[in-house]
Amino acid sequence: NGFTHVAASVVCRQLFGLKHGSVHDCCGNYFGSGNSGVIINDLTCDGSENRLVDCTHTIADDFHAAGCYHRDDIVIRCYHESNCTDGDVRLADGRTEMKGRVEICIKGVWGAVTDTDWDYKAASVVCRQLQLPSEWSIPLMSPS
């Protein structure tokens, strides 16, 4: 609900003094479900903020935002510096260097690519860009 790479960068700046952050929409409870209520919703940052609370947001009166659950929690990554060029691709968090979640660099930040309309042709392009044989390209979709 409004949490973008800009908001992720605000969190990274607040916690670690870092410039870059990215959102991973894959799995809100990837690090486990929280025990506290979900209290902030509708968050929007313009990038100038030093603290997340400085971003425009709604705070739930009863410490549980309506319609929000821990499966909707935000997962982010913080980066020391821009370590990529626009259009670069990589395979992240795979068991080998030839498997993983497809990520692309946009404006100096790595971010995930969704599997909407993803097919063998798209997987082949990524393999070619990574200088891997395109015949190894097997698109694995996330379970619905």
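The following questions and answers deal with a predicted model of one chain.

Student: In what order do the elements of the chain run from the N terminus on?

Tutor: The chain has two helices and seven strands. From the N terminus on, the order of these elements is α-β-β-β-β-β-β-β-α.

Student: What percentage of the residues in the chain is buried?

Tutor: A residue counts as buried when its relative accessible area is under 20%. The chain has 144 residues, and the buried share of them is 31%.

Student: Among contacts between residues at least 6 apart in sequence, what share joins residues at least 24 apart?

Tutor: A contact here is a pair with heavy atoms within 4.5 Å. Of the contacts in the chain between residues at least 6 apart in sequence, the share that joins residues at least 24 apart is 54%.

Student: Is Ala60 buried or exposed?

Tutor: Ala60 sits in the loop between β3 (56-59) and β4 (75-79). The cut-off for a buried residue is a relative accessible area under 20%. Ala60 has a relative accessible area of 13%, so Ala60 is buried.

Student: How many Å lie between the C-alpha atoms of Ala60 and Ile39?

Tutor: Along the sequence, Ala60 and Ile39 are 21 residues apart. In space, their C-alpha to C-alpha distance is 5.2 Å.

Student: Which strand gives the largest share of the lining of the second largest pocket?

Tutor: The second largest pocket holds about 640 Å³ of space, and 20 residues line it. Nearest its centre lie Phe3, Ile40, Asp72, Asp73 and Ile74. The largest share of the lining is four residues, and they come from residues 40-44, strand β2.

Student: How many charged residues are in the lining of that second largest pocket?

Tutor: Sorted by class, the lining of the second largest pocket has 11 nonpolar and six polar residues. The number of charged residues in this lining is three.

Student: Within what arc do the buried residues of α2 fall, seen down the axis?

Tutor: Helix α2 covers residues 120-129, and its residues Ala123, Ser124, Val126 and Cys127 are buried. Seen down the axis of α2, these buried residues line one face of the helix, because they fall within an arc of 160°.

Student: Which residues are exposed on the other side of α2, and which strands do the buried residues of α2 pack against?

Tutor: On the other side of α2, the exposed residues are Lys121 and Arg128. The buried residues of α2 pack against two strands, β5 (89-92) and β6 (101-106).

Student: Which residue caps the N-terminal end of α2?

Tutor: At the N-terminal end of α2, a side-chain oxygen lies 3.1 Å from the backbone nitrogen of Lys121. The residue that carries this oxygen, and so caps the helix by the 3.5 Å limit for a polar contact, is Asp119.

Student: Which residue with a positive phi follows α2?

Tutor: Phi of this residue is near 60°. The residue that follows α2 with this positive phi is Gln131.

Student: Which side chains make polar contacts with the side chain of Glu103?

Tutor: Glu103 is in strand β6. Its relative accessible area is 0%, so Glu103 is buried. One polar contact, of 3.4 Å, joins its side chain to that of Arg77. Another, of 2.8 Å, joins the side chain of Glu103 to that of Arg101.

Student: Is Asp93 buried or exposed?

Tutor: Asp93 lies in the loop between β5 and β6. Phi of Asp93 is near 60°, a positive value in a residue other than glycine. Its relative accessibility is 58%, and the exposed class begins over 50%. Asp93 therefore counts as exposed.

Student: What is the relative accessibility of Asp117?

Tutor: Asp117 is found in the loop between β7 (109-112) and α2. Phi of Asp117 is positive, near 60°, in a residue other than glycine. Asp117 counts as exposed, because its relative accessibility is 74%.

Student: How does Ile106 count by relative accessibility, and how many Å separate its C-alpha atom from that of Cys84?

Tutor: Ile106 is in strand β6. At 48% relative accessibility, Ile106 counts as partly exposed. Ile106 and Cys84 are 22 residues apart along the chain, and their C-alpha atoms are separated by 8.4 Å.

Student: How many Å separate the C-alpha atoms of His20 and Ala8?

Tutor: His20 is found in strand β1 (residues 20-24), and at 17% relative accessibility it counts as buried. His20 and Ala8 are 12 residues apart along the chain. The separation of their C-alpha atoms is 7.6 Å.

Definitions and conventions: Residues are numbered from 1 along each chain as its sequence is written. This is a predicted model: local features need pLDDT of at least 70, side-chain atom pairs count only at pLDDT 80 or more; totals for chains, interfaces and linings use all residues. Side-chain values use heavy atoms; hydrogens and water are left out. Buried means under 20% relative accessible area, exposed over 50%, partly exposed in between (1.4 Å probe, protein chains only). On a 1 Å grid over the protein atoms alone, a cavity is a set of points where a 1.4 Å probe fits but cannot get out, and a pocket is an open set with protein on both sides within 12 Å along at least five of seven lines; lining residues have an atom within 4 Å of a point. Grid points are joined across faces, edges and corners, and a volume is the space filled by probe spheres set on the points. Ala, Val, Leu, Ile, Met, Phe, Trp, Tyr, Cys and Pro count as nonpolar, Asp, Glu, Lys and Arg as charged, and the others, Gly among them, as polar. The arc is that of the directions from the helix axis to the C-beta atoms. A polar contact is a pair of N or O atoms within 3.5 Å; within protein, one must be able to donate a hydrogen and the other to accept it, and residues adjacent in sequence count only if both atoms are side-chain atoms.
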